[in-house]
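Here's a set of exercises on side-chain interactions, each with a worked solution. Grab your viewer and try each task before reading on.

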Amino acid sequence: MTATDPAGTMAADEILEARRRRLGPSLSLSYRTPLHIVRGEGAYLYDADGQAYLDCVNNVAHVGHAHPRIVEAGIAQMRLLNTNTRYLHENVVRYAERLTALLADDLEICFFVNSGSEANELALRLALAASGRPDVATVDVAYHGNTQRLVEVSPYKFDGPGGAGRSEDVQVVPLPDPYRGVHRGSGRDVGAAYLADSWSVLDAAAAAGHPAGALIAEAIPSSAGQIVPPAGWLTGLFDLARRVGAVSIADEVQVGFGRVGVQVWAFEAAAARPDIVTMGKPIGNGHPLGAVVTTRAIADAFANGMEYFNTFGGNPVSAAIGLAVLDVIEEEGLRAHARDTGERLLAGLRELAARHEAIGDVRGLGLFIGVELVRDRETREPHPELARDLADLAAERGVLLSTDGTFRNVMKIKPPLVFSDADADRLIETIDTVLGELGG
């Protein structure tokens, strides 16, 4: 495989067989017919035959696949130097200044890592150091990463296939699902009802001698199915965490950097105030990069004499790429673009819901959208088979979607932020056509 011949020399079936021989069997592939993707540009991916696919699910390529500014920033710095933070280099401090400028004044100390999982793992260590308590509170159906501890605090994994169930040092508060949850609707009264249930969990654990030391949550639960919580929920949840002496962690790995629209952070859109913020996926536009930002008091509590060192975290190349991503977001107006294109998509998808009985709910903020498919609108019985078929048939038409949620019946839409009005219209038309063919 070369720049002039991106397809390489192996056919798709040869690659598939080689994967089976040499890669772990727990890895998955998307779509009934796996795609042999060799190139990306903007909101599109291209296979070995040159077929273009509209990418509606890749929130990693945040400012577009292979964005030239990002590529050039990485190449330019790599030609000069790539090393670790035990040497002085201005890139990492410039990047730290830029990141903290996007947050509240008290969120002023940065740690750089290589992924969202690393960021969330470190956040839990910081919280433990600050609180002295190992117990962690999490939201039902949440997913926070692939380390052992993060699987233990991710109900999406520990309650899913192969999971070992909840461990005694993990507390699970209810998922605030306005469509399918115990309390339905998006008003503050619904948010208050979920908070009352959450307080019951936290208070009972504290009374039993297991007060939470950390509470980790996404402003818009992603793997749960792009859930937009009722008003006041996240702010109230973090307040409850402080009430029991826990450190509140906002996981922005999926939803940060302007995906929700004008606000940089999804927790900001919810008017919440975390003690720690974690970042990953879009932060490097495909380059392995992650970050944790916290208060000086928490960082000082972590500095107990043991050095924190991350071989690649904060290296000059990663910092250069991170800076370039921030530049592109601002210079290309991508936050406002996410708001406007997202509003267009939501309006179009809700219009489809008026004509397709299988669409039970359409929800989202900016370019982070979920479409929930059901067998029956009255009973809200999930329809995961229809969701899977919709994703497969849309891929055959050159539009890439994916499924998620508790029942895998939610179409998740989280494209690169360069997703255009024409792209939005094509996605809506494709869903309309395929659902019509499938009788949905």
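Start with a ring: F302 has a relative accessible area of 10%, so F302 is buried (buried means under 20% relative accessible area, exposed over 50%, partly exposed in between, with a 1.4 Å probe and protein chains only). Some ground rules: this is a predicted model, where local features need pLDDT of at least 70, side-chain atom pairs count only at pLDDT 80 or more, and totals for chains, interfaces and linings use all residues. Residues are numbered from 1 along each chain as its sequence is written, and side-chain values use heavy atoms, with hydrogens and water left out.

**Exercise 1. Work out how the rings of Y95 and F112 are arranged, and where the two residues sit.**

Step 1: recall the criteria. Rings of Phe, Tyr and Trp (its six-membered ring) pair if their centres lie within 6.5 Å; planes under 30 degrees apart count as stacked, over 60 as edge-to-face and the rest as tilted. A search of the whole structure turns up 7 aromatic pairs.

Step 2: apply them. The centres of Y95 and F112 are 5.3 Å apart and the planes meet at 25°, so this pair is stacked.

Step 3: place the residues. Y95 belongs to helix α3 (residues 90-100) and F112 to strand β4 (residues 109-113), so the pair ties together parts 17 residues apart in sequence. Helices (H or I, at least four residues) and strands (E, at least two) are DSSP runs, numbered from the N terminus.

Step 4: check accessibility. Y95 is buried at 1%, and F112 is buried too, at 9%.

Step 5: now take F111 with F302. Their centres are 5.9 Å apart with 85° between the planes, an edge-to-face pair. This one links distant parts of the chain, with F111 in strand β4 and F302 in helix α10 (residues 296-302), 191 residues apart. F111 counts as buried at 13% relative accessibility. Together with Y308, F111 and F302 form one aromatic cluster.

**Exercise 2. Find which ring the charged end of R86 sits over, and do likewise for R243.**

Step 1: set the test. A charge sits over a ring if NZ of Lys or CZ of Arg is within 6 Å of the ring centre and within 35 degrees of the ring normal.

Step 2: read off the partners. R86 has its charged end over the ring of F309, 3.7 Å from the centre. R243 lies over the face of W199, 3.8 Å from the ring centre.

**Exercise 3. Trace the salt bridges of D327, D421 and E385 to their partners.**

Step 1: count. The structure holds 27 salt bridges, each being a side-chain nitrogen of Lys or Arg within 4 Å of a carboxyl oxygen of Asp or Glu.

Step 2: D327. Its side chain meets that of R69 at 3.8 Å, N to O. D327 sits in helix α11 (residues 316-331) and R69 in helix α2 (residues 68-80), so-called distant parts of the chain at 258 residues apart. D327 is partly exposed at 23%, as is R69 at 33%.

Step 3: D421. The partner is R344, at 3.7 Å, N to O. With D421 in helix α14 (residues 421-438) and R344 in helix α12 (residues 334-353), the pair ties together parts 77 residues apart in sequence. Relative accessibility is 37% for D421, partly exposed, and 36% for R344, partly exposed.

Step 4: E385. Here R375 is the partner, at 2.4 Å, N to O. E385 lies in helix α13 (residues 384-396) and R375 in strand β12 (residues 368-376), so the pair ties together parts 10 residues apart in sequence. E385 counts as partly exposed at 31%, and R375 does at 42%.

Step 5: look for a network. Salt bridges that share partners join R32, D389, D392 and E396 into one.

**Exercise 4. Compare the settings of F257 and R408: buried or partly exposed?**

Step 1: backbone. F257 has a positive phi near 65° in a residue other than glycine; for R408 phi is near 55°, also positive.

Step 2: location. F257 is in the loop between β8 (247-251) and α9 (266-269), whereas R408 is in the loop between β15 (402-404) and β16 (410-413).

Step 3: accessibility. F257 is buried at 2%, while R408 is partly exposed at 33%.
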